[in-house]
Amino acid sequence: MDLDVFVSAHRAEWDRLEALLRRQRRLSGAEADELVTLYQRTATHLSLIQSSAPDPQLTGRLSQLVARARSAVTGTRRASWRDVTRFLAHGFPAAVYKSRHWWVPTALLSTAVAALLGWWIGTHPEVQASIAAPSELRELTRPGGQYETYYSSHPAASFAAQVWTNNAWAAALCLILGVFLGLPVIWILFQNMLNLGIGFGLMSSAGRLDTFLGLVLPHGLLELTAVFVAAGTGLRLGWTLIDPGPRTRRIALAEEGRAAIGMAIGLALVLFVSGAIEGFVTPSGLPTWARITIGVVAELAFLAYVWVLGGRAARAGETGDVEAAERSATVPTAA
């Protein structure tokens with residue numbers, strides 16, 4: 001593209017659009033139609049310049065024009081309960097469903113790693129000795145020891161809030177750091193599986209694996225699922241940098257990034273539920289079978305929410321991204 005020729009050919013349209021946007025009085029019907037037409041043309045011009053002959057100064061001017069024109073055409077939009085309902089019923093579950101090919105394998109592989117680490121620690125006394133002194137290990141694993149009292153060491157409400165904050169932050173890190181080719185996500189995930197494997201191995205070596213599972217499963221099923229979803233989405237975001245598909249890398253990252261931000265909000269709500277279970281159910285006096293049942297029901301409810309509502313929304317075209325009217329204008333991309 002010859003940028004000078006392109007600017008000469010369309011400068012009058014841009015100037016006219018700017019003049020219409022500066023009008024203080026109410027536009028007539030013909031002027032409003034002209035404003036819409038010029039807005040659409042300028043948005044196309046902006047996309048062409050960005051993809052073919054990027055010029056910072058011209059791009060900045062046209063971006064401002066398109067943003068002002070969009071606001072004039074669509075009006076100022078405020079978030080409403082309709083947006084919340086759409087997000088919870090369609091956007092979030094669809095985004096989780098569409099990323100299942102990333103987070104389901106992540107969950108299976110991570111669980112296998114945690115089990116392998118637990119077996120290795122539980123069957124090798126020398127590995128246990130490298131973790132802590134024998135007296136400290138006995139204090140951790142004995143009846144009424146630190147593994148059991150951990151969940152009741154603070155008031156339930158404050159403990160649930162602390163757990164929720166920590167887990168939500170870990171999930172957000174997985175989503176945010178995915179842009180670094182997913183490498184930090186793998187490290188965060190490994191640290192979580194290592195902690196789980198250590199507890200599994202030490203308690204099984206002490207003959208108290210049933211107690212350990214009774215303490216972990218009520219909240220851990222839903223909590224770990226949320227972490228796996230965040231990690232899988234972060235890895236998917238990192239892969240987008242390598243292979244954006246038919247989209248340009250900038251557009252692909254923008255779309256996947258917006259969906260990831262929405263998932264961070266949704267997962268925070270999921271982790272709030274698991275934190276409440278960890279704070280109020282795990283340390284409660286309920287029988288072990290009852291506590292585990294609550295955890296299983298919460299996990300199955302989340303999976304049904306994703307596969308039923310999310311699957312239906314995804315098949316209808318929902319991606320978890322913002323609505324089309326709120327996205328930047330783009331030109332078609334060849335497959």
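**Transmembrane annotation**

I started from the UniProt record, an unreviewed entry, where "transmembrane region" is annotated over residues 102-121, 168-189, 221-239, 259-277 and 289-308. The coordinates I am reading are a predicted model. I looked up two of the annotated stretches, beginning with residues 102-121, where the chain is 100% helix and 0% strand. The C-alpha atoms at the ends of that stretch are 29 Å apart. For residues 221-239 I again read 100% helix and 0% strand, with 27 Å between the end C-alpha atoms.

**Thr 106**

I next picked Thr 106, which sits in helix H5, residues 100-122. Is Thr 106 buried or exposed? Its relative accessible area is 9%, so I entered Thr 106 as buried, the cut-off for that class being under 20%. I then asked which backbone oxygen the side chain of Thr 106 reaches. The partner is the backbone oxygen of Trp 102, at 2.7 Å. Leaving out residues up to four places away in sequence, I listed the contacts of Thr 106 as Leu 189, Phe 228, Ala 231, Gly 232 and Leu 235.

**Second largest pocket**

I turned to the second largest pocket and noted a volume of about 450 Å³. I counted 20 residues in its lining. Those nearest the pocket centre are Thr 111, Leu 196, Leu 217, Leu 221 and Leu 224.

Which helices each supply at least two residues of this lining? I found H5, helix H10 (183-205), helix H11 (209-242) and helix H13 (288-315). H11 gives the most, with nine residues. Sorting the lining by class, I got 16 nonpolar, three polar and one charged residues.

**His 45 and Phe 6**

I moved to His 45, in helix H2, residues 29-52. His 45 has a relative accessibility of 7% and therefore counts as buried. What does the side chain of His 45 meet in a polar contact of 3.0 Å? I traced that contact to the side chain of Trp 14. With residues up to four places away in sequence set aside, His 45 touches Phe 6, His 10, Glu 13 and Trp 14.

Since Phe 6 was on that list, I looked it up as well. Phe 6 lies in helix H1, residues 3-22. I entered Phe 6 as buried because its relative accessibility is 12%, with the limit set at under 20%. I also checked Phe 6 against Pro 93, 87 residues along the chain, and read a C-alpha separation of 44 Å.

**Asp 33 and Ser 52**

My last two residues are both placed in H2, Asp 33 and Ser 52. Asp 33 has a relative accessible area of 54% and so goes down as exposed, that class being over 50%. I asked how far the C-alpha atom of Asp 33 is from that of Val 73, 40 residues apart along the chain. The separation is 9.8 Å.

Ser 52 has a relative accessible area of 45%, so I noted it as partly exposed. I paired Ser 52 with Asp 2, which is 50 residues apart from it in sequence. From C-alpha to C-alpha, Ser 52 and Asp 2 are 9.6 Å apart in space.

Notes:
Residues numbered from 1 in each chain as written. Predicted model: local features only at pLDDT ≥ 70, side-chain atom pairs only at ≥ 80, totals over all residues. Heavy atoms only, no water. Helix = DSSP H or I, 4+ residues; strand = E, 2+ residues; numbered from the N terminus. Buried < 20%, exposed > 50% of the residue type's maximum accessible area, 1.4 Å probe, protein only. Polar contact = N/O pair within 3.5 Å; in protein donor to acceptor, adjacent residues only side chain to side chain. Contact = heavy atoms within 4.5 Å. 1 Å grid on protein atoms, 1.4 Å probe; cavity = no way out; pocket = protein on both sides within 12 Å on 5 of 7 lines; lining within 4 Å. Points joined across faces, edges and corners; volume = space filled by probe spheres on them. Nonpolar A, V, L, I, M, F, W, Y, C, P; charged D, E, K, R; others polar. UniProt positions renumbered as here; feature names shortened; annotations may be inferred.
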